[in-house]
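Colleague: Could you take me through how to read aromatic pairs and a helix in a model such as this one?

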Amino acid sequence: MGSEHTAAHRAATTSESATRARTRRAILDAAVSLLSSDHAASLGDVAEAAGVGRTTVHRYFPERSDLLAAIGADVRERVAAATDRARLDEGPAPEAMERLCLEYFELGDRLMLLYDVPQFIAWSGIEEETPADLAVLALVRRGQEEGSLDAAVDVSWLQEVMWAMLYTAWLRARDHGTPRHTALSLCLHTLRKATAP
């Protein structure tokens with residue numbers, strides 16, 4: 001009887017944790033979508049977009065700064081996972097960089113918040129150098145040493161060129177109605193030329 005009760009309690013706890021995780025994810029996704037188009041959106045606006053009560057949002061994120069910090073942590077996790085999926089150690093450096101851009105491009109809404117919402121930077125902690133940043137710099141350095149990426153410029157310059165191309169592609173897709181696949185193709189085409197030796 002005791003083991004059955006323990007198993008039932010464990011199942012209920014797991015179910016509650018899964019529900020909490022889904023609710024938290026729904027709030028974060030709604031916040032990203034909303035803040036991308038309305039930087040002044042309130043927690044009440046986020047609650048409405050997420051389809052939950054305002055008190056529910058406040059239970060997870062008591063202040064706007066808590067929500068921004070959570071989005072920042074989520075962005076860092078997603079960037080880390082995308083960097084891993086790009087397999088930066090495999091194959092020629094330019095191909096690895098293109099795989100990375102393909103992965104990062106899918107994070108556009110979240111990463112655009114870094115540029116578009118000034119207070120987001122302050123609360124996200126995203127300015128700190130991350131393992132993903134170091135992996136990208138190592139990739140560029142490898143490409144320069146192999147002769148497949150421009151060695152006449154600083155490593156961090158090429159990293160920033162990559163981010164600039166991605167930002168431009170996101171802007172084209174978001175603000176100018178350019179199809180996403182077209183914006184990404186233009187990004188990769190220009191990046192190849194900009195980083196070529």
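Modeller: Let us begin with tyrosine 104 and tryptophan 163, both of which are buried, that is, under 20% relative accessible area with a 1.4 Å probe and protein chains only, where over 50% is exposed and anything in between partly exposed. The model is predicted, so local features need pLDDT of at least 70 and side-chain atom pairs pLDDT 80 or more, while totals for chains, interfaces and linings use all residues. Residues are numbered from 1 along each chain as its sequence is written, and side-chain values use heavy atoms, leaving out hydrogens and water.

Colleague: How many aromatic pairs does the structure hold?

Modeller: Rings of Phe, Tyr and Trp (its six-membered ring) pair if their centres lie within 6.5 Å, and planes under 30 degrees apart count as stacked, over 60 as edge-to-face and the rest as tilted. The structure holds two such pairs. Tyrosine 60 and phenylalanine 61 form a tilted one, with 6.4 Å from centre to centre and 40 degrees between the planes. In the pair of tyrosine 104 and tryptophan 163, the centres are 5.0 Å apart and the planes at 15 degrees, so this pair is stacked. It links distant parts of the chain, since tyrosine 104 lies in helix 5 and tryptophan 163 in helix 9, 59 residues apart.

Colleague: Which helices do the buried residues of helix 5 pack against?

Modeller: Helices are DSSP runs of H or I, at least four residues, numbered from the N terminus, and contact means heavy atoms within 4.5 Å. The buried residues of helix 5, including Ala93, Met97 and Tyr104, pack against helices 4, 6, 8, 9 and 10.

Conventions. Helices (H or I, at least four residues) and strands (E, at least two) are DSSP runs, numbered from the N terminus.
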